[in-house]
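This report describes selected contacts between secondary-structure elements. The sequence and the model come first, followed by notes on strands and then on a helix pair.

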Amino acid sequence: METLRASLNIQPALNLQLNERVNELKSAGMKIHHLGFGQSPFPVPEQAQRSLRENADKAEYVAVKGLLQTRELICKLHSRLDGLERFTADDVIIGPGSKDLLFLLMNVLRGDIYLLSPTWTTYKPQAQIAGRNTHIIRTSPDNGWKVTPSLLQSSLNNAIPGSLLVLCNPDNPTGACYTKNELQDIAKVIQKCDIIVLCDEIYARLTYDADHNTLVKYLPDRAILSSGISKWASCGGWRFGYQLYPKKLRPVLDAVQALASNSYTCCSSPIQYAAQTLLRFDNDASEYVQHCSRILQAVGNYCANTLLDAGVKVSHPQAGYYIFPDFEIYREKFEARGIRTGEQMCDAILEEAGVALLAGGPAFLDREDRFTVRLCFINFDGRISLKASRALGLSTALPQSFPQEYCKGTTEAVDNIVRWLQSLQVSNGVSDY
Ligand SMILES: Cc1ncc(COP(=O)(O)O)c(C=O)c1O
């Protein structure tokens, strides 16, 4: 019987497939460093854990859009941290993760969907399931994988009214952040078209050095903000995410709410109560995020520098958990070994260097012969590194040796990849790793 899934050619999420493969190899006794899956290595902040325990008895269904007080706190948080003062609780919907809400949004729109390449692996499959046409805008490493106003202009020239552009900032998988000027220029292009933008800013609080800049500020009537607590508060499994809509897009929000009421009903009530502790973003939350961010920056830079020394093209991450290295320079050596696709390269790295990576080709909307990968540098015990960073205090910089001492799972993995690359060189293309 032809199922819907087969007819749409929808595959299970690639990062989750890789997870399963890694688990199989691990249970067969192989030591694997898993750099293929992006989830926070840090513990849930203590005060949020306590609040969840205290709210375990809140078992009633709550409003589809979410608890009023929680939605108010979301508005306050984005007003204080992002300068977005115009949102009120009515403009917010809370769901069981921002991923679900995004999927509902794609289902209520009737236009096309514009995605950058590379981009987070989920947008395209969701658009396909929702029956939307997709258009891919190819960014270049020469612009730090960011979309430029001219590229956007030429891509949106014939966009049908009501189409949706998805912009992930800070970006998964490249670790790039847009500057205020870049966003202002992008906003000017978008203002000339009849499209709306979904600003996926789930990594915003994990921006390392500079303040986070949001496109939502420059597109008051057309930008939907998508965020949650999965990344900065390490609560991926809590399944709590939200979207903020401009007043002019109220019909879209109403339609998403209607789908929500007919699908997930409401986000878990105890989670919504406990999330309030995080959304207040008090001194404890701020201290937690500063420690997590500087640890991520240190280990991310270690990975980027180690790969750059081996000739690999890669930008230093500016936020979040990811870098997107390009191993193109090794093409000849790979081809001498019969490695012709990013997938085959990742298979070889997994089997011979014991490191799991997600190939940067089709999963990220690019060609299969690209030797890019998404590298998630979170393969370490965040409890230990957080404790060590706290012991130093925020006024003392992390020592250079911090990643090797406290983020070993990641630094060893990247060292293994480089040794594997060098083994290709020594033996004229035949790995003796
Ligand atoms: C770019 C991006 N957006 C959204 C999500 C979904 O987050 P959640 O559904 O946990 O809110 C993720 C999770 O990996 C992500 O990387």
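In which sense do strand β9 and β12 pair, and over how many bridges? The model in question is predicted. In it, β9 (residues 322-323) and β12 are antiparallel, and two bridges hold the pairing.

## Strand β12 and its partners

In the pairing with β9, Y322 lies opposite C376 of β12. Strand β11 (residues 358-359) also runs antiparallel to β12, and two bridges join them. Here A359 is the residue that faces V373 of β12.

Strand β12 itself covers residues 373-376. V373 and L375 point to one side of the strand, while R374 and C376 point the other way. All of these residues are buried, R374 included. V373, set opposite A359, and C376, set opposite Y322, therefore point to opposite sides of β12.

## Helices α3 and α10

Helix α3 spans residues 46-54 and helix α10 spans residues 269-279. Their axes come within 8 Å of each other and cross at roughly 150 degrees. Because angles over 145 degrees count as roughly antiparallel, α3 is classed as roughly antiparallel to α10. The crossing is right-handed.

On the α3 side, the contact is made by Q47, A48, S51 and L52. Helix α10 contributes P270, Y273, A274, T277 and L278. By residue class, the contact between α3 and α10 holds six nonpolar and three polar residues, with no charged ones.

Notes: Residues are numbered from 1 along each chain as its sequence is written. This is a predicted model: local features need pLDDT of at least 70, side-chain atom pairs count only at pLDDT 80 or more; totals for chains, interfaces and linings use all residues. Axes are lines fitted to C-alpha atoms, for helices over the stretch in contact, and angles run from 0 to 180 degrees between N-to-C directions. Helices (H or I, at least four residues) and strands (E, at least two) are DSSP runs, numbered from the N terminus. Angles under 35 degrees count as roughly parallel, over 145 as roughly antiparallel, 65 to 115 as roughly perpendicular and the rest as oblique. A crossing is left-handed if the near helix is turned anticlockwise from the far one by less than a right angle, and right-handed if clockwise. Two residues are in contact if their C-beta atoms, placed from the backbone, lie within 7 Å. Ala, Val, Leu, Ile, Met, Phe, Trp, Tyr, Cys and Pro count as nonpolar, Asp, Glu, Lys and Arg as charged, and the others, Gly among them, as polar. A residue is buried if 20 or more other C-beta atoms lie within 10 Å of its own, exposed if 12 or fewer, and partly exposed in between; C-beta atoms are placed from the backbone. Two strands pair if DSSP finds at least two bridges between them.
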